[in-house]
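Work through the exercises below with the sequence and the coordinates open. Try each task before reading its solution.

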Amino acid sequence: MDLYQQLKSDLQQGRFAPGTVLKQTELAALYAVSRIPVRDALTRLKNEGWLTGHGKRGVAVPQFDPLEVEDLYLMRMRLEPLLQEFAAPNLNGETLGRARDILDAMEQATERSPELSAAEIGALNWQFHTCLYRSANRPTLFAAVEQLHRQCERYIGYQSRGLDYQATSQQEHYQLLDLLQRGDRKAAGTLLEQHIAAAGRALVDHLRDNT
């Protein structure tokens with residue numbers, strides 16, 4: 001794992017608390033690397049929204065923002081069912097089979113390792129949804145949804161630690177796949193919207209109560 005991925009994983013898992021100022025010299029010593037890869041990793045993470053500016057050239061871990069989470073899930077719950085609706089007519093047995101394989105892999109991974117990192121769970125979750133969404137053949141809409149998922153990434157670890165939601169999420173994934181296999185697009189769209197909304201509202205409430 002390169003330094004960028006390691007820092008991103010550590011941020012996601014809460015190694016650095018919101019508001020922490022990150023200094024290149026201290027990080028270089030912590031990760032036993034030179035300051036150049038630290039500088040490059042911090043610049044990339046700042047550009048992706050994982051870090052925020054501090055002072056003239058410094059960076060800090062941003063505070064969790066319930067309003068940002070609310071905006072993100074409101075956009076997702078409107079765009080993702082639309083993307084899924086475009087994808088539904090193009091879903092075939094092979095694609096649906098791959099999606100089920102991803103869900104099964106997530107299930108097996110969490111059973112083998114209950115302490116599976118939030119980053120790994122998040123990656124598998126996105127693999128499942130992107131397996132379905134790519135069939136829409138709507139690259140601009142897909143890119144917008146993908147960007148929203150990237151913006152949600154830094155909250156996944158907090159959600160995973162603060163809320164026991166993974167089992168519910170996984171059950172809804174299987175239900176969604178079953179509806180798509182039966183060709184019930186309307187019910188699948190409704191379930192996806194509810195799936196996103198419930199997780200988003202739970203996280204917003206949790207952040208408002210605990211930050």
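Five exercises follow, from the whole chain down to single side chains; the model is predicted.

**Exercise 1. Overall build**

Task: State how many helices and strands the protein chain has, and decide how its radius of gyration compares with the globule rule.

Solution:
- Step 1. Count the elements. The protein chain has 9 helices and 3 strands.
- Step 2. Put them in sequence order. The pattern reads α-β-α-α-β-β-α-α-α-α-α-α.
- Step 3. Compare radii. The radius of gyration is 18 Å, close to the 17 Å from the globule rule for 211 residues, so the chain is as compact as a globular protein of that length.
- Step 4. Add the extents. The C-alpha trace spans about 55 × 35 × 30 Å along its principal axes.

**Exercise 2. Surface and contacts**

Task: Find what percentage of the residues is buried, and what percentage of the contacts joins residues at least 24 apart.

Solution:
- Step 1. Take burial. Of the 211 residues, 45% are buried.
- Step 2. Take the surface. The accessible area is about 11,400 Å², and carbon and sulfur atoms hold 48% of it.
- Step 3. Take contact range. Consider contacts between residues at least 6 apart in sequence; 75% of these join residues at least 24 apart.

**Exercise 3. The nonpolar cores**

Task: Locate the largest nonpolar core and say which residues have the most contacts inside it.

Solution:
- Step 1. Size the core. The largest nonpolar core has 35 residues. Leu83, Phe128, Leu132, Tyr133, Leu176, Leu177 and Leu180 have the most contacts inside it.
- Step 2. Assign the helices. α4, α5 (93-112), α6 (118-133), α7 (139-162), α8 (166-182) and α9 (185-210) each give this core at least two residues.
- Step 3. Rank the shares. α9 gives the largest, with 8 residues.
- Step 4. Look for another core. Apart from the largest core lies one of 17 residues, including Leu11, Tyr31, Ala41 and Leu45.
- Step 5. Zoom in on one core residue. Beyond its sequence neighbours up to four places away, Leu83 touches Tyr133, Ala136, Arg138, Leu141, Phe142 and Val145.

**Exercise 4. The two sides of α3**

Task: Work out where the buried residues of α3 lie around its axis.

Solution:
- Step 1. Check the geometry. α3 (residues 35-47) has 13 residues and reaches 18 Å from first to last C-alpha, close to the 18 Å expected at 1.5 Å a residue.
- Step 2. List the buried residues. They are Val38, Ala41, Leu42 and Leu45.
- Step 3. Place them. They cover an arc of only 100° around the axis, so they lie on the same side of α3.
- Step 4. Recall the periodicity. An α-helix has 3.6 residues a turn, so residues three or four places apart point the same way.
- Step 5. Turn to the other side. There, Ile36 and Asn47 are exposed.
- Step 6. Identify the cover. The buried residues of α3 are covered by elements including α1 (3-12), β1 (21-22), α2 (24-31) and β3 (58-60).
- Step 7. Step past the helix. Just after α3, Gly49 has a positive phi of about 90°.

**Exercise 5. Two polar residues in α4**

Task: Decide whether Arg76 and Gln84 are buried or exposed, then list their contacts beyond four places in sequence.

Solution:
- Step 1. Place both. Arg76 sits in α4 (residues 66-87), and Gln84 is in α4 too.
- Step 2. Apply the cut-off, under 20% relative accessible area for buried. Arg76 is at 15%, so Arg76 is buried. Gln84 is at 4%, so Gln84 is buried.
- Step 3. List the contacts. Arg76 touches Pro81, Leu148, His149, Cys152 and Ile196. Gln84 touches Tyr133, Leu176, Leu180, Ala188, Gly189 and Leu192.

Note on methods: Residues numbered from 1 in each chain as written. Predicted model: local features only at pLDDT ≥ 70, side-chain atom pairs only at ≥ 80, totals over all residues. Heavy atoms only, no water. Helix = DSSP H or I, 4+ residues; strand = E, 2+ residues; numbered from the N terminus. Buried < 20%, exposed > 50% of the residue type's maximum accessible area, 1.4 Å probe, protein only. Contact = heavy atoms within 4.5 Å. Core = buried A, V, L, I, M, F, W, Y, C linked by side-chain atoms within 4.5 Å. Expected span 1.5 Å × (residues − 1). Arc of directions from axis to C-beta. Rg over C-alpha atoms; globule rule 2.2 N^0.38 Å. Areas by Shrake-Rupley, 256 points an atom, 1.4 Å probe, with all protein chains shown as cover.
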